[in-house]
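Subject: Structure handover

Hi,

Here is the structure you asked for. Please open it alongside this note; my findings follow below.

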Amino acid sequence: MAVDLAAASLDELCDEARRLREAGHGSLVTYSPKVFIPLTKLCRDVCHYCTFAQPPRRGERAFLSEEEMLDVARAGAAAGCHEALFTLGDKPELRYRAARDELAELGCETTLEYLARCARLVLGETGLLPHLNPGVLSAADLIALREVSVSQGLMLETASERLSARGGPHFGSPDKLPARRLETIAAAGEAGVPLTTGILIGIGETRAERVEALHAIRHLGERYGHVQEVIIQNFRAKAGTKMAGAPEPALEELLWTAATARTLLGAEWNIQAPPNLSYADFPRLLDAGINDWGGISPVTVDHVNPEAPWPEVERLRAATEERGLRLAPRLAVYPEYLEEPDRWLDSSVVPHLLRRSDAEGLAREDAWAAGVAGQIPPRIYGVPGLLPNSIVVGKSARVGVGSEPKVTPSVATALAKSREEIAIDEDDVTALLTARGPDAHAVAAAADSLRREVNGDTVTYVVTRNVNYTNVCYFRCGFCAFSKGRLAANLRGRPYLVPSEEIASRAREAWERGAVEICLQGGIHPSFTGDFYEDVCGAVKEAVPEIHVHAFSALEVWQGAATLGVELGDYLSRLRDAGLASLPGTAAEILDDEVRRVICPDKVTTRQWLHVHDTAHRVGLPSTTTIMFGHVDHPRHWARHFLRLREQQQRTGGFTEIVPLPFVHMEAPIYLKGRARQGPTFREAVLLHAAARLALHPWITNVQASWVKLGVNGAQAALRAGANDLGGTLMNESISRAAGAAHGQELVPERMEETIAAVGRTPRQRTTLYGDPPPEQVRRSFGAAPLSEPRNPSVNDAGLGAPPRLVRPGFAVAAR
């Protein structure tokens with residue numbers, strides 16, 4: 001619906017603005033945790049309302065020193081900030097000798113040169129992301145500063161030339177001429193700089209002039225795509241300025257302008273209004289369709305408006321949630337620009353952004369990382385044990401009693417479908433995976449309720465031994481820190497190959513310690529053929545006929561069949577006859593080729609992975625499924641992964657469980673090269689388990705929490721959010737530990753059962769296929785003797801010959 005700005009009432013305008021915001025941003029409202037670094041308060045302009053700009057004072061420095069500036073940044077980093085906002089006067093060296101002299105002492109000719117140096121220091125030493133507001137710039141200036149920042153800012157303020165005439169607030173301020181500022185905004189677009197701009201209301205402009213300014217911003221934003229947000233800022237009179245006695249705009253004027261901005265600019269634009277300048281009335285700004293609160297600092301004051309303190313984040317969150325919206329921290333550049341880094345960002349700043357980014361391109365909410373020893377975050381969105389008193393899901397479902405925070409429409413729709421056993425679609429699953437605040441609690445509670453209905457309060461685990469038979473691999477998965485050799489980053493340990501007799505010996509030892517399963521996986525040595533995998537199965541079954549052989553990823557199976565030149569079904573039948581009993585669901589990573597082209601381009605494609613498992617199921621081999629998430633992927637990729645698994649399970653019914661595996665980043669090559677995030681946030685990891693439960697029901701009924709990746713505390717949280725299984729005791733595990741994980745060697749049954757009992761559940765040992773293990777094996781598993789030291793001979797001792805050719809699935813084959 002279009003509104004007539006001249007005829008519409010404020011209520012009508014705000015209604016339309018909120019409708020547009022929901023269409024473009026859903027329920028999400030953002031803010032940027034920042035520190036404010038006033039590099040210099042000297043300025044050549046003399047705006048009549050400004051108290052930030054000050055003339056030189058005898059005995060005072062004109063610029064913050066590097067150490068002073070770093071002290072502020074370090075304090076911000078310690079407080080959990082992500083943005084370093086550099087604000088400074090415009091080219092003070094053109095007006096003041098004191099500025100020129102001090103710049104010379106600093107070894108710089110211009111303020112911009114010093115700004116660039118300081119921004120680089122902050123980025124390198126604290127990781128905070130610089131957002132620079134240095135004023136009017138040339139194209140060359142913008143390009144130079146782009147190398148040390150993630151975004152820049154220049155308020156248009158007004159499109160009215162008359163406000164620069166004698167008697168106007170911008171008289172005597174050459175850099176406030178609208179034409180000059182519009183030139184800089186356009187040049188930023190040409191330079192590919194994500195830019196913040198906006199208007200200042202209440203300084204003598206008319207409503208028509210505000211609309212003119214918004215039209216000018218829209219024209220340039222649509223032309224270049226670089227205007228990341230538009231600020232609607234209200235004038236506040238300040239003592240000691242020429243406009244100290246000027247009337248301030250009424251709140252209704254601010255609401256009208258914000259709502260007009262949303263109506264004129266459209267649903268997708270990011271519109272911000274600073275909450276501190278509206279004091280106690282700031283929640284009403286949401287009624288005008290804004291979707292961003294701007295920068296909020298727990299460390300520094302607003303140096304431009306020092307009389308107006310920022311509201312605390314919890315107060316901001318409460319005000320946002322009271323209106324049925326969800327608050328999230330963001331970075332100093334919006335997610336859509338991080339999605340196209342080659343276009344919008346200098347390559348040197350991208351790794352810093354990825355380190356601070358969550359899966360939606362917003363700011364990480366916690367410092368948790370998969371595989372790192374330590375406690376889970378104190379604020380856990382999505383763990384039912386920490387639910388608020390009551391949550392309303394749709395119109396009927398309720399958890400607890402008391403006040404009733406509403407669940408947002410998209411999440412309510414998905415949960416309602418799940419309750420009614422209507423298959424949820426990609427949008428529904430994405431809504432579950434991106435839930436925040438009360439929504440995340442509701443998703444986890446719904447998953448936990450469904451888990452109780454399907455699995456009861458029993459938590460299962462399997463006594464197993466992992467054997468990673470070689471760490472040599474000729475495939476080039478960007479996330480893998482395990483493989484060694486000429487074609488992979490040589491990260492840890494020497495290349496080895498475990499001979500068949502050693503694998504058989506480990507199987508015997510595992511059986512004697514109560515194991516019912518041996519899990520066999522490893523790198524793919526260039527000399528391996530399908531015969532290797534068949535021989536390994538035979539050796540294990542000859543040594544321990546009773547043990548379940550759970551082995552070989554889809555990539556190993558595909559490669560084995562290809563090297564022998566046989567059909568997949570025939571080869572899988574040979575493996576089955578040699579003793580293979582089921583396949584692990586590894587090598588799935590993300591079942592979306594957009595992601596696979598980045599992280600594993602020469603591995604099996606989505607279609608090939610599904611084909612291997614489809615074929616396995618049809619020859620009588622069940623399998624597990626996995627999802628390895630938190631690197632270059634996004635929630636919509638996760639949703640597609642689940643739906644593809646669900647479709648496959650509806651066809652063949654051979655999947656026994658889903659195992660979410662959060663990316664362990666520490667030693668992963670793709671992370672070390674600055675091309676991946678540092679795994680999922682804890683909220684994302686918990687929600688992945690909850691969404692798996694809801695999206696895959698009733699087709700896959702077991703959801704496993706990987707204590708190896710999540711740690712014991714994290715796995716317990718997942719058990720409260722839909723998971724019902726803790727996987728294997730392992731005895732040995734090398735792949736996660738090679739990536740830097742602190743967990744993974746062994747979780748003995750005694751510890752496993754303590755972990756389960758601690759969350760009020762009943763532990764039960766299981767077989768690979770969720771049956772009951774032999775009582776004698778259960779008895780053996782408790783108090784088992786320590787493992788003997790495994791023998792991993794050098795690969796050079798194996799006497800393997802050179803391969804006749806290297807077979808590769810994946811996109812390289814498809815491109816031929």
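A disulfide here means a pair of cysteine sulfur atoms within 2.5 Å. By that cut-off, the structure holds zero disulfides. Bear in mind that this is a predicted model.

Cysteines

Take C118. Its nearest cysteine sulfur belongs to C108 and sits 7.8 Å away, and C118 is in no disulfide. Relative accessibility of C118 is 0%, so the residue counts as buried.

C519 is the other one to look at. Its closest cysteine sulfur is in C537, at 12 Å, and that is too far for a bond because a disulfide needs the two sulfurs within 2.5 Å. C519 has 8% relative accessibility and therefore also counts as buried.

Helix pair α15 and α24

In general, two packed helices are described by the angle between their axes and the distance between the axes. Here the pair is α15, residues 438-455, and α24, residues 682-696. Their axes come within 9 Å. They cross at roughly 50°. The two helices are therefore oblique to each other. The crossing is left-handed.

Which residues make the contact between them? From α15 come A440, V443, A444, A446, A447, L450, R451, V454 and N455. From α24 come L687, A690, R693 and L694. By class, the residues of this contact divide into ten nonpolar, one polar and two charged.

L688

L688 is also found in helix α24. Is this residue buried or exposed? L688 has 0% relative accessibility, so it counts as buried. Leaving aside neighbours within four places in sequence, L688 is in contact with L433, I627, F629, W638, F642 and P660. For a sense of distance, compare R779, which lies 91 residues from L688 along the chain. The C-alpha atoms of L688 and R779 are separated by 34 Å.

T408

Where is T408 found? It lies in the loop between β11 (397-400) and α13 (409-419). Despite the loop setting, T408 counts as buried, because its relative accessibility is 3% and the cut-off for buried is under 20%. What does T408 touch, apart from neighbours within four places in sequence? Its contacts are S27, G324, R326 and D439. D439 falls within the 438-455 range of α15, so you can look at T408 and the helix pair in one view.

Best wishes

Terms used
Residues are numbered from 1 along each chain as its sequence is written. This is a predicted model: local features need pLDDT of at least 70, side-chain atom pairs count only at pLDDT 80 or more; totals for chains, interfaces and linings use all residues. Side-chain values use heavy atoms; hydrogens and water are left out. Axes are lines fitted to C-alpha atoms, for helices over the stretch in contact, and angles run from 0 to 180 degrees between N-to-C directions. Helices (H or I, at least four residues) and strands (E, at least two) are DSSP runs, numbered from the N terminus. Angles under 35 degrees count as roughly parallel, over 145 as roughly antiparallel, 65 to 115 as roughly perpendicular and the rest as oblique. A crossing is left-handed if the near helix is turned anticlockwise from the far one by less than a right angle, and right-handed if clockwise. Contact means heavy atoms within 4.5 Å. Ala, Val, Leu, Ile, Met, Phe, Trp, Tyr, Cys and Pro count as nonpolar, Asp, Glu, Lys and Arg as charged, and the others, Gly among them, as polar. Buried means under 20% relative accessible area, exposed over 50%, partly exposed in between (1.4 Å probe, protein chains only).
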